[in-house]
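Biologist: I've got a model on screen and I'd like to pick it apart with you. Can you put it up so we're looking at the same thing?

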Amino acid sequence: MRLAKMILAGSALTIVSAMAHAQTTPAIKETPPPPGTHKGLVTVVDRLNGTIAIRAEQSNPEGTKAPDGAKAEGEKAEGAKEGAKPEAKAEEGITEQFKIDPKLSETVHAGDKVKFSSGDSGDPKTITKIEAE
């Protein structure tokens, strides 16, 4: 009986100390991308000319409300006709042209969401690293 009490006390002490340690350990946060890394959507890949067009992703956190007067995606504007083209959304990013190495251009396709790095010199800028998400 005495041995059982010692084992029970030892395991209780272990559990309590593990719980205390877990409470003091900070939560793991996702590391931010390195400076110069951007996210976007590939709109055009021109392998013949060695260029790529990427629409930059807005840094709007999910769950935020649209600006005053803006409608949700599913809602129609008052007086909107059925089948009419919607106006360009203000939250869409700017599409930029970049030079890209032919080997890198083979790894992405139009419509891919990508993370990329670009060199600051030249017009258009050159993609130095790109990966599809």
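What follows is a run of questions and answers about the fold, the strand pairing and the core.

Biologist: Before we start, what kind of model is this, and in what pattern do helices and strands follow one another along the sequence?

Modeller: It's a predicted model, so keep that in mind throughout. The chain holds two helices and five strands. Going along the sequence, they come in the pattern α-β-β-β-α-β-β.

Biologist: In which order do the five strands close into a barrel?

Modeller: Let's walk round by pairing. β1 and β2 are antiparallel over six bridges, and β2 joins β3, also antiparallel, through five bridges. β3 and β5 run parallel with two bridges, β5 and β4 are antiparallel with five, and β4 pairs antiparallel with β1 over five. That closes a barrel with mixed pairing, twisting by 55° on average from one strand to the next, in the order β1-β2-β3-β5-β4.

Biologist: Let me check the register. Which residue of β3 stands opposite T51?

Modeller: T51 has a bridge partner on either side. In the pairing of β1 with β2, T51 stands opposite D46. On the β3 side, the residue opposite T51 is K99.

Biologist: And for β1, which residue of β4 is the bridge partner of L41?

Modeller: β1 covers residues 37-46 and β4 covers 113-118. Towards β2, G40 has A56 as its bridge partner. Towards β4, the bridge partner of L41 is K113.

Biologist: Which residue takes a positive phi in the hairpin of β4 and β5?

Modeller: There are two hairpins worth a look. The one of β1 and β2 has four residues between the strands, and there G50 takes a positive phi near 70°. The one of β4 and β5 has six residues between the strands, and its positive phi, near 90°, belongs to G122.

Biologist: Now the inside. How many residues make up the largest nonpolar core?

Modeller: In general, nonpolar side chains in soluble globular proteins tend to be buried together. Here the largest nonpolar core includes V42, I54, F98, F116 and I130. β1, β2, β4 and β5 each supply at least two of its residues. The full count is eleven.

Biologist: A search of the whole structure finds one aromatic pair, so what is its geometry, stacked or edge-to-face?

Modeller: The pair is F98 with F116, 18 residues apart, with F98 in strand β3 and F116 in strand β4. Their ring centres lie 5.3 Å apart. The planes sit at 65°, and over 60 is the cut-off that matters, so the pair is edge-to-face.

Biologist: Are those two rings buried or exposed?

Modeller: The cut-off for buried is under 20% relative accessible area. F98 comes out at 3% and F116 at 5%. Both F98 and F116 therefore count as buried.

Biologist: Which residue of β5 stands opposite F98?

Modeller: Skip the neighbours within four places in sequence, and F98 still contacts nine residues by name: G50, T51, I52, I54, F116, S118, P124, K125 and I127. One of those is also a partner in the parallel pairing of β3 and β5. The residue opposite F98 is K125.

Biologist: What about S117, how far apart are the C-alpha atoms of S117 and T128?

Modeller: S117 is found in strand β4 and is buried, at 16% relative accessible area. Leaving out residues up to four places away, S117 touches G36, T37, T126, I127, T128 and K129. S117 and T128 are eleven residues apart along the chain, yet their C-alpha atoms are separated by 5.6 Å.

Biologist: Which residue of β5 stands opposite K115?

Modeller: K115 falls in β4, which spans 113-118. The antiparallel pairing of β4 with β5 has five bridges. Across from K115 stands E131.

Biologist: Last one, for the whole chain: what share of its exposed area do carbon and sulfur atoms supply?

Modeller: Buried residues make up 14% of the 133 in the chain. Of the contacts with a separation of 6 or more, 60% come from residues 24 or more positions apart. The chain exposes about 11,300 Å², and the share from carbon and sulfur atoms is 57%.

How values were computed. Residues are numbered from 1 along each chain as its sequence is written. This is a predicted model: local features need pLDDT of at least 70, side-chain atom pairs count only at pLDDT 80 or more; totals for chains, interfaces and linings use all residues. Side-chain values use heavy atoms; hydrogens and water are left out. A nonpolar core is a set of buried Ala, Val, Leu, Ile, Met, Phe, Trp, Tyr and Cys residues joined through side-chain atoms within 4.5 Å. Buried means under 20% relative accessible area, exposed over 50%, partly exposed in between (1.4 Å probe, protein chains only). Contact means heavy atoms within 4.5 Å. Rings of Phe, Tyr and Trp (its six-membered ring) pair if their centres lie within 6.5 Å; planes under 30 degrees apart count as stacked, over 60 as edge-to-face and the rest as tilted. Two strands pair if DSSP finds at least two bridges between them. Axes are lines fitted to C-alpha atoms, for helices over the stretch in contact, and angles run from 0 to 180 degrees between N-to-C directions. Accessible areas come from the Shrake-Rupley method with a 1.4 Å probe; for residues, only the protein chains shown count as cover.
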